[in-house]
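This report describes selected local features of one protein model, covering backbone geometry, single residues and helix packing.

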Amino acid sequence: MADQLLNVRSLSAGADDKPILHGIDLAVGAGECHVLMGPNGAGKSTLGHVIMGDAAYTVTGGSITFDGADVTELSADKRSLAGIFLSYQAPVEVPGVPLYSFLREICQKRPELKTTARKFRERVGQIADQLELDQGFLMRELNVGFSGGEKKKIEMLQLLLLRPKLAILDETDSGLDVDALGIVSRGIQAYREEVGGALVVITHNTRILERLSVDRTHVMVHGHMVAEGDASLISDIDANGFERFERALGERDGAAGDAE
């Protein structure tokens, strides 16, 4: 049994006074690969952002423990330094900030990643080549004018460079063609092999899961965690969709209302 790395307990959260997550429980062991699935609007991305400490969301109940410490009240930068990484579904463009300077700055803030300028340049170049990313992109402004596939490769470059203990990948496969999906999948596999970190893959599409060895699968519907199982649950969802989970949640809510 893997040591527990992430423990989300009875987590409720929302944004702009609108509740989104309702009593979520999620436990991820060190080195494990978990998949979080559900229909659009289920709250999957919100959960990832709340675990990362996104200030746009407010925790209204429950707790988040990471690597033995309560991080519920920590800012996103402190959670990053602790070893949590979030790959965005739609990475933002940052005009005026060269990608290389951005990568150098964030690594300088991580004592375990500090190195000489020459060794850093070599390491970044190696990862770029591994991801089939033209090194000319390193001198361009962060994500500005990049295609969707290029932005996702930059996310993978950060993942391999930062070597986090936990990587949350939010719809990393969204909008990718077959070639880009293959490269991103190889990047994820390299992270697993080189770092041995834990993964939480958020998706409603099973394409990116074909090359991953999945330990646990979780299903969210309307901000509730409604099911959990092993990797076989992915095939079930692929074949039958989420309708039965939505019905089960409706029946559960109905029964709770009747009990009141």
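Ser10 is found in strand β1, which spans residues 4–15. The model is predicted, and in it Ser10 has a positive phi of about 45° although it is not a glycine. With a relative accessibility of 45%, Ser10 counts as partly exposed. Most residues other than glycine have a negative phi.

A second non-glycine residue with a positive phi is Asp67, at about 55°. Asp67 sits in the loop between β4 (58–66) and β5 (69–70). Its relative accessibility is 41%, so Asp67 is classed as partly exposed. Gly53, just after α1, also takes a positive phi, of about 95°.

Helix α1 itself covers residues 44–52, and eight of its nine residues are buried, so the helix is largely enclosed by the rest of the structure. The buried residues of α1 are Lys44, Thr46, Leu47, Gly48, His49, Val50, Ile51 and Met52.

Two further residues are described by their surroundings. His34 belongs to strand β3 (residues 33–37). Is His34 buried or exposed? Its relative accessible area is 2%, and the cut-off for buried is under 20%, so His34 is buried. The His34 side chain makes a polar contact of 2.7 Å with the side chain of Glu32, and a polar contact of 2.8 Å joins it to the side chain of His218. Leaving aside residues up to four places away in sequence, His34 touches Leu26, Ala27, Val28, Gly29, Leu199, Val200, Val201, Arg216 and His218. His218 is thus listed among the residues that His34 touches and is also a partner in a side-chain polar contact.

Ala231 lies in the loop between β12 (224–229) and α7 (232–240). At 33% relative accessibility, Ala231 is partly exposed. Not counting residues up to four places away in sequence, Ala231 touches Val214 and Thr217. The C-alpha atoms of Ala231 and Cys33 are 10.0 Å from each other, while the two residues are 198 residues apart along the chain.

Helix packing is the remaining topic. Two packed helices are described by the angle between their axes and the distance between the axes. The table gives these values for two pairs that involve α4.

| Helix pair | Angle | Axis distance |
|---|---|---|
| α3 (residues 99–108) and α4 (residues 117–130) | about 120° | 11 Å |
| α4 and α5 (residues 148–162) | about 135° | 10 Å |

With axes at about 135°, α4 is therefore oblique to α5. The crossing of α4 past α5 is right-handed. On the α4 side, Phe120, Arg123, Val124, Ile127, Ala128 and Gln130 take part, meeting Leu157, Leu160 and Leu161 of α5. Of the residues in this contact of α4 with α5, seven are nonpolar, one is polar and one is charged.

The angle of about 120° between α3 and α4 means that these helices are likewise oblique to each other. α3 passes α4 in a right-handed crossing. The contact involves Tyr100, Leu103, Arg104 and Cys107 from α3, and Ala117, Phe120, Arg121 and Val124 from α4. The residues of the contact of α3 with α4 comprise six nonpolar and two charged, with no polar ones. Phe120 and Val124 of α4 appear in the contact with α3 and in the contact with α5.

How values were computed:
Residues are numbered from 1 along each chain as its sequence is written. This is a predicted model: local features need pLDDT of at least 70, side-chain atom pairs count only at pLDDT 80 or more; totals for chains, interfaces and linings use all residues. Side-chain values use heavy atoms; hydrogens and water are left out. Axes are lines fitted to C-alpha atoms, for helices over the stretch in contact, and angles run from 0 to 180 degrees between N-to-C directions. Helices (H or I, at least four residues) and strands (E, at least two) are DSSP runs, numbered from the N terminus. Angles under 35 degrees count as roughly parallel, over 145 as roughly antiparallel, 65 to 115 as roughly perpendicular and the rest as oblique. A crossing is left-handed if the near helix is turned anticlockwise from the far one by less than a right angle, and right-handed if clockwise. Contact means heavy atoms within 4.5 Å. Ala, Val, Leu, Ile, Met, Phe, Trp, Tyr, Cys and Pro count as nonpolar, Asp, Glu, Lys and Arg as charged, and the others, Gly among them, as polar. Buried means under 20% relative accessible area, exposed over 50%, partly exposed in between (1.4 Å probe, protein chains only). A polar contact is a pair of N or O atoms within 3.5 Å; within protein, one must be able to donate a hydrogen and the other to accept it, and residues adjacent in sequence count only if both atoms are side-chain atoms.
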